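Look at the sequence and the model below before reading on. The text starts from a single residue and then moves out to the whole chain.

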Amino acid sequence: QVQLVEPGGGLVQPGGSLRLSCAASGSIFSIIVRGWYCQTPGKQRELFAAIASGGRINSADSVKGRFTISRDNAKNTVYLQMNSLKPEDTAVYYCMLGGTQVYWGQGTQVTVSA
């Protein structure tokens, strides 16, 4: 089994920054991709940033220039640096690990509000 733990999240003012992390542990045999999703009430979980095993990064247009996904392979951890946060970024953020199976973090609430 693989466990993903993602501390962080919280309340931040518009224009502020926040960094999320997602540490993986357990029986990790292969990692194909790691990503970050967000979900708001009544909507499906949406992928907005991913980093493949070879290092290729894909980001949604809505977050390009503001959010950066990165990883530390030695720590099996992926990060999401969020800058210039907007109220519409308010959501529950989930990290994902895609390998032999797909694993999810528990989700963390990010609220952008004055």
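S84 is partly exposed, because its relative accessible area is 39%, which lies between the 20% that bounds buried residues and the 50% that bounds exposed ones. The model is a predicted one. S84 sits in the loop that runs between β8 and β9.

Which residues is S84 in contact with, leaving aside its neighbours within four places in sequence? They are G15, G16, S17, R66 and D89. A distance along the chain and a distance in space can be set side by side here: S84 and L18 are 66 residues apart along the chain, and their C-alpha atoms are separated by 9.2 Å.

D89, one of the contacts of S84, leads to the next feature, the largest pocket. About 280 Å³ of space lies in this pocket. It is lined by 17 residues, and those closest to its centre are C38, E46, S62, E88 and D89. Three elements, β4, β5 and β9, give two or more residues each to the lining. Sorted by class, the lining holds six nonpolar, five polar and six charged residues.

From the pocket we turn to the core. The largest nonpolar core has 26 residues, and the members that touch the most other members are W36, F48, M82 and Y93. Which strands each supply at least two residues of this core? They are β1 (2–5), β3 (18–26), β4 (31–39), β5 (46–52), β7 (67–72), β8 (77–82), β9 (91–99) and β11 (108–112).

F48 can serve as an example of a core residue. Apart from its neighbours within four places in sequence, F48 is in contact with W36, Y37, C38, N58, S59, A60, V63, F67, L80 and Y93. Two of these contacts, W36 and Y93, were named above with F48 among the members that touch the most others. C38 also appeared above, among the residues closest to the centre of the largest pocket.

Now take the protein as a whole. How many helices and strands does it have? There are zero helices and eleven strands, so the radius of gyration is a useful next value: at 13 Å it is close to the 13 Å that the globule rule gives for 114 residues, and the protein is therefore as compact as a globular protein of that length. Along the principal axes, the C-alpha atoms fill a box of roughly 45 × 25 × 25 Å.

Of the 114 residues, 39% count as buried. Among contacts between residues at least 6 apart in sequence, 52% join residues at least 24 apart.

Technical notes:
Residues numbered from 1 in each chain as written. Predicted model: local features only at pLDDT ≥ 70, side-chain atom pairs only at ≥ 80, totals over all residues. Heavy atoms only, no water. Core = buried A, V, L, I, M, F, W, Y, C linked by side-chain atoms within 4.5 Å. Buried < 20%, exposed > 50% of the residue type's maximum accessible area, 1.4 Å probe, protein only. Helix = DSSP H or I, 4+ residues; strand = E, 2+ residues; numbered from the N terminus. Contact = heavy atoms within 4.5 Å. 1 Å grid on protein atoms, 1.4 Å probe; cavity = no way out; pocket = protein on both sides within 12 Å on 5 of 7 lines; lining within 4 Å. Points joined across faces, edges and corners; volume = space filled by probe spheres on them. Nonpolar A, V, L, I, M, F, W, Y, C, P; charged D, E, K, R; others polar. Rg over C-alpha atoms; globule rule 2.2 N^0.38 Å.
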